Amino acid sequence: MRKSGILLPVSSIPSKYGIGTFSKQAYEFIDFLEKAGQTYWQILPLGPTGYGDSPYQSFSTFAGNPYYIDLVTLTEEGLLTKEDCDSYDFGDNAEYIDYEKVYLSRFKALRTAFENSHIENDSKFQEFVRENGYWLDDYALYMAVKNSFGGVSWAEWDEDIKLRKNEALIAYREKYKTEIVFYQFQQYLFTKQWSALKEYANAKGIRIIGDIPIYVAFDSSDTWANPQLFQLDDTLTPVAVAGCPPDSFSATGQLWGNPLYRWEYHKETDYAWWMKRIAYCYHLYDVVRIDHFRGFDEYYSIPYGDETAEFGHWETGPGYDIFRAMKEKLGENAVIAEDLGFLTDSVLELVKKTGYPGMKILQFAFDSREESDYLPHNYNANSVVYTGTHDNDTVLGWLASLNKHDKEFAERYLDIRSDTEIQWQFIRAAMASVADTCIIPMQDYLGLGAEGRINIPSTLGNNWKWRMTADALDETLAERIRKMTRLYGRI
């Protein structure tokens, strides 16, 4: 069936206290989606973030970001007072996130809530800790130990705890037992608030599209607790790391730095860790977008220590075998394959064999030098079309930087005769396409330029900061979106 939705990171919601949360405003956004006739809310990964603030470099693939815990809800539950919340500096720009101020204030507020909670005696909390122990025990210990070493990577910890020697694990668990409960408490609040929000969305007919990055961060509880899963040497130093080769966008390629998987080990275990990871995603989301799908066919391996991605090489991934295991163990679930970039015949064959819909990005369509698979007349129904993703500029920002020939081609293709609200012509083309699913970033509906961009790949310092203003959504916009959605048979 033809459906549509809106891409908006949780962090971009206009909640109080510096960053988007599972707040009243998040519930209002779900109401807006319903009024606008939408079926999907697509978000970015929900994991806890560190240096660089990227949701694709998280301290855990299972844990949730404490930033998203709504402090107003905690005041209503008596764990905080409004005076507590107002005493911290969360930043004063409603349109951008000041991550440093959020970091310095958020955990102080959560610690006050923790001290007021007496959570150890709560039977629901105890049940949560038991049910999630398979990842939560390692994550909470990892964060407590990380704090004790001033936040440095686990690779720089004392040898005994770095190598997880049994006596060290026992000693650290005892020494930091209160701190460990504090991190468990954060995850309990995150899960409680997110579950309530997702239940509200589902009751309104809104399904959540979540995102699973193919790789985990080196500095994460996942890598520390499970070094056998990754290409590490005897000293737990990476042998090689992930990235992308040089291309027309980057002369030296992209050096992501994530540890690579020991796929032969995963195959021997019939992908047990992956099955736990994916199953947990379906606890959080209704549809999972698998990031960097081509990495399951072939992955780019860069020697550890290289400063660029220029001297990497391609290695063979698990191919269909991991998806065979997924379908056997977890059943048929809704998946979107992020199959962007240069695609070989074997990647295309893998996507086809899984049956998963791939992605079509309108901004990639208008290269006047060649015929593109991203032009709408080349789509097939089993695909998901976007005007752009979190890695693209907004439509208006992109158009402003487009060369003359490509812009003229786009204008001819879309029959654009005016510069007024030009983004709606792109939205219309996406909505009208044969793709079963159409997802539009919120910034394009709002007609924002480059100031609304979420991320510029391979850059640090100015990404993941955009926030929607509190007055951005109204009945007029909802009705306009609904009319177009209905016109093209997506309601």
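This briefing looks at one helix, its packing partners and a handful of single residues.

The model is predicted. Its helix α19 spans residues 475-487. One side of α19 holds buried residues, and the face turned away from that side carries exposed ones. Helix α1 packs against α19 at an angle of about 40°. Further on come residues in loops and in helix α16, including two with a positive phi that are not glycines.

**Helix α19: length and ends**

- Helix α19 has 13 residues.
- From first C-alpha to last, α19 reaches 18 Å, close to the 18 Å expected at 1.5 Å a residue.
- At the start of α19, look for D474. A side-chain oxygen of D474 comes to within 3.2 Å of the backbone nitrogen of T476.
- Just after α19 sits G489. Its phi is positive, about 70°.

**Helix α19: two faces**

- Five residues to find in α19 are L477, A478, I481, M484 and T485, and they are buried. They cover an arc of only 135° around the axis, which puts them on the same side of α19.
- On the face turned away from that buried side, E475, T476, K483, R486 and L487 are exposed.
- Several elements help to cover the buried residues of α19. They include strand β1 (3-7) and the helices α1 (24-35), α17 (423-432) and α18 (442-445).

**Partners of α19**

- The axes of α1 and α19 are 8 Å apart, and the angle between them is about 40°. The two helices are therefore oblique to each other.
- From α1, the residues F32, E34 and K35 take part in the contact. From α19, they meet E475, L477, A478, I481 and R482.
- Some names now appear twice. L477, A478 and I481 are buried in α19, and they are also among the residues that meet α1. E475 meets α1 as well, yet E475 is on the exposed face.
- Helix α17 is mostly covered, with seven of its 10 residues buried. These are Q423, W424, F426, I427, A429, A430 and M431.

**Around the start of α16**

- N403 belongs to the loop between α15 (395-400) and α16. N403 counts as partly exposed, at 40% relative accessibility.
- A polar atom in the side chain of N403 lies 3.1 Å from the backbone nitrogen of H405. A polar atom of that side chain also lies 2.8 Å from the backbone nitrogen of D406.
- D406 is part of helix α16 (residues 404-414). The relative accessible area of D406 is 10%, so this residue is buried.
- Leaving aside neighbours within four places in sequence, D406 is in contact with F366, D367 and S368.
- D367 can also be compared with N403 in position. The two are 36 residues apart in sequence, and their C-alpha atoms are 9.6 Å apart in space.

**Two serines in loops**

- S11 is in the loop between β1 and α1. With a relative accessible area of 8%, S11 is buried.
- Not counting residues up to four places away in sequence, S11 touches I19, G20, Y68, I97, Y99, W464 and R467.
- S458 is in the loop between α18 and α19. S458 counts as exposed, at 56% relative accessibility.
- S458 and W194 are 264 residues apart along the chain. Their C-alpha atoms are separated by 30 Å.

**Positive phi outside glycine**

- L236 is not a glycine, yet its phi is positive, near 65°. L236 lies in the loop between α10 (221-225) and β4 (240-244). At 13% relative accessibility, L236 counts as buried.
- D270 is not a glycine either, and its phi is positive at about 55°. D270 is in the loop between α11 (263-268) and α12 (272-284). With a relative accessible area of 23%, D270 is partly exposed.

Definitions and conventions: Residues are numbered from 1 along each chain as its sequence is written. This is a predicted model: local features need pLDDT of at least 70, side-chain atom pairs count only at pLDDT 80 or more; totals for chains, interfaces and linings use all residues. Side-chain values use heavy atoms; hydrogens and water are left out. Helices (H or I, at least four residues) and strands (E, at least two) are DSSP runs, numbered from the N terminus. The expected span of a helix is 1.5 Å times one less than its number of residues. Buried means under 20% relative accessible area, exposed over 50%, partly exposed in between (1.4 Å probe, protein chains only). The arc is that of the directions from the helix axis to the C-beta atoms. Contact means heavy atoms within 4.5 Å. A polar contact is a pair of N or O atoms within 3.5 Å; within protein, one must be able to donate a hydrogen and the other to accept it, and residues adjacent in sequence count only if both atoms are side-chain atoms. Axes are lines fitted to C-alpha atoms, for helices over the stretch in contact, and angles run from 0 to 180 degrees between N-to-C directions. Angles under 35 degrees count as roughly parallel, over 145 as roughly antiparallel, 65 to 115 as roughly perpendicular and the rest as oblique.
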